[in-house]
Amino acid sequence: MQKAGFNIVRMAEFAWVNMEPEEGRYEFGWLDEIIEILGKRGIKTILGTPTAALPPWTLRKYPEIMVQTPTGQRLTWGMRKHNCFTSGVFRLLSERITRAMAQHYKDNPNVIGWQTDNEIGGHPMCYCHSCRANFQDWLKNKYKTLAELNRAWGTHFWSQGFGDWSEIVPPDKFDEHNPHTCLDWKRFFSWLNVRFQKEQIDILRALCPNQFVTHNFMGLFSEINYYDLAEDLDFVSWDNYPVSGKPDMTNNYNAAMAADVMRGLKRRNFWIMEQTSGSHGWGTLSRNPRPGEIRKIALQQFAHGAEAQVWFPWRACTVGREQYWHGILGHDGKPGRRYQEAAQTARDLHTLDEHLKGTTVRADVAIIYDYESVWALSFQPAYDENKYHQVIGRYYQALRRAGINVDMVRPGQDLAGYKLVLAPDLYIVRDSLASQIDAYIRNGGVFLADGRFAVKDETGLCHVRTLPGLLAEALGIEIEEYEALRGGIEYQIEEHLHRAPVTRTAIHYADWIKPTTALVLAGYTDWHMQPYAALTRNQCGKGAGYYLGTIVKEPAFYDALIRELLESAKITAEITAPEGVEVSTREGAGKKVLFLVNHTEQCQTVNVPAGKCEVLRNKTTGSAIELAAYDVAVIRL
Ligand code: GAL
């Protein structure tokens, strides 16, 4: 590790039984020794609280800490993350091991920080009596009166009117139960996870004020409201595993989008706590990262705001469920191709350090990214293909193809700094958010919404206004009818984003949009759809509101749409690059740095500003730069 230029490791995140072999008896000697060995070689340690895997003694003594299924069975012990979060015993055991670790390591100069638990959120939901009672209490606190809960959940439907708080049952079939109940249950479960983490953080903060506290998030995972989970941390870290299936740009851009989501959680740079370093899986393997690929995967994250990274794992385990999760080293422990590449990456990161210090991604474009809409759409997607990240991805990928930085922002966050805001699949829209967007457009912002926008309010009741509700005037349209295009139905649309009209294909879903004041940028040609628009633009105040009421089959459509939006918002890219070469910039502290990431397996030539320093090669640029397969260039502008 030392030879490869590594300077941090993370350890102990599943080592509960090794640190507390029986309740209340702690053994840290083995860990002290490793921390010291590493410390002597200039390698600092991040410690994980170990609560994501339960020691067998916890089960022997306290069987009630295991998750209970909706039919009343306790899960079998032996996996990870199977604890009930309302179990007082579990919370106490978690506090105790956290406190014991914190007390033991608070003054250890080689321990620089903490990771809470591990990838919070992969838990099955628990349906035990305690969870049910806690859910009822949480609801009482939220709604105050049963009458208000009954109104917010529309319980006059299907005879659900509650006469007593104790009658409320957690839902388990999210495509059949009352969607309002499902939404609050998801919120409750997310809140439980956040509370659990907070209990650990409070201990770490009190005892270890000089060590940071972070958590390893899972990128585009959306079962937990990550904005809330991030709130109590110093910074966000995340685990990046983009190597699955054939190498393709969707995976590459999903890793970019995840990074932007992670940066958006606290609106600051993040760390990578687990970075792909080999072929991985629990039973079957993924493909092996190809020559140059793990370096490329790592540097892409720095282009999006990473400040540090840890590979996972260092060496493939010879034991246990994760034997196939290959790391920098294989089972034989011999430094090989991946080791050499990790060492090269470490050299690159040391070189980049001075150029990136004080910089972050600055974006003119924001996408509103909302966990509550994801949850609500998961119960009622309206059309089968409505997958949140695919919907966002169509715009996101086109923006990235255009070389434009993107921020992912929480609903309600101030939008004034952005020239262009997109709200794909933003299904739950409170009136306050609608008013904020309305004001944003009138004050000069360019905004785009699409199908299923603002259908519901915060408890999941359908708004009674004609869609798009409070934004009808700003968007200059009315939508009285809409449909899913099932069974392969396709409509033709004529799109006017180019000099000559282009024919495109509408799939999956169609709003029947009646323009009031909006211009029609694309309209349907099928006989019964001719009165309706597919894409509209409305000038409103100093800004413009766009609406796209369908999904278009051809990705080129999204490139044309993004071009139109960027022109309208007066945003230009730093440079243009060939397809498959991702362009990003970071700036701050008087510096501006351009990243070019070649995601392809071909050599690419990119036109760049001449006379600048290409930092990784330490060369002055000519008018173009050559990037080998999976190569990355970083240019100081
Ligand atoms: C992650 C986890 C790691 C490791 C990896 C492979 O979810 O954080 O500790 O378990 O998966 O299974």
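This short talk goes through a sheet, a nonpolar core and one loop residue in a predicted model.

Let me begin with the sheet, which is open and has 4 strands in the order S1-S2-S3-S4, paired in parallel. Strand S1, residues 8-11, and strand S4, residues 212-214, stand at the edges with a single partner strand each, so one side of each has no neighbour in the sheet. From one strand to the next, the twist averages 25 degrees. As general background, strands of a sheet pair through backbone hydrogen bonds, in either a parallel or an antiparallel way.

Within this sheet, strand S2, residues 44-48, runs parallel to strand S3, residues 111-115, and 4 bridges join the two; Gly-48 stands opposite Gln-115 in S3. Across S2 and S3 lies helix H4, residues 88-105, which runs at about 170 degrees to S3.

Turning to the core, which residues of the largest nonpolar core touch the most other members? They are Phe-217, Leu-265, Phe-447 and Phe-453, out of 174 residues in that core, and helix H7, residues 179-207, gives the most to this core, with 11 residues. If we leave aside neighbours within four places in sequence, Phe-217 is in contact with residues including Tyr-226, Leu-229, Trp-238, Met-262 and Leu-265.

Finally, I would like to look at Ala-628, which lies in the loop between strand S25, residues 624-627, and strand S26, residues 632-636. Ala-628 has a relative accessible area of 40%, so it counts as partly exposed. Not counting residues up to four places away in sequence, Ala-628 touches Asn-598, Gln-602 and Cys-603. Ala-628 and Gly-292 are 336 residues apart in sequence, while in space they are 9.3 Å apart, C-alpha to C-alpha.

Technical notes: Residues numbered from 1 in each chain as written. Predicted model: local features only at pLDDT ≥ 70, side-chain atom pairs only at ≥ 80, totals over all residues. Heavy atoms only, no water. Pairing = 2+ DSSP bridges. Axes fitted to C-alpha atoms, helices over the stretch in contact; angles between N-to-C directions. Contact = heavy atoms within 4.5 Å. Core = buried A, V, L, I, M, F, W, Y, C linked by side-chain atoms within 4.5 Å. Buried < 20%, exposed > 50% of the residue type's maximum accessible area, 1.4 Å probe, protein only.
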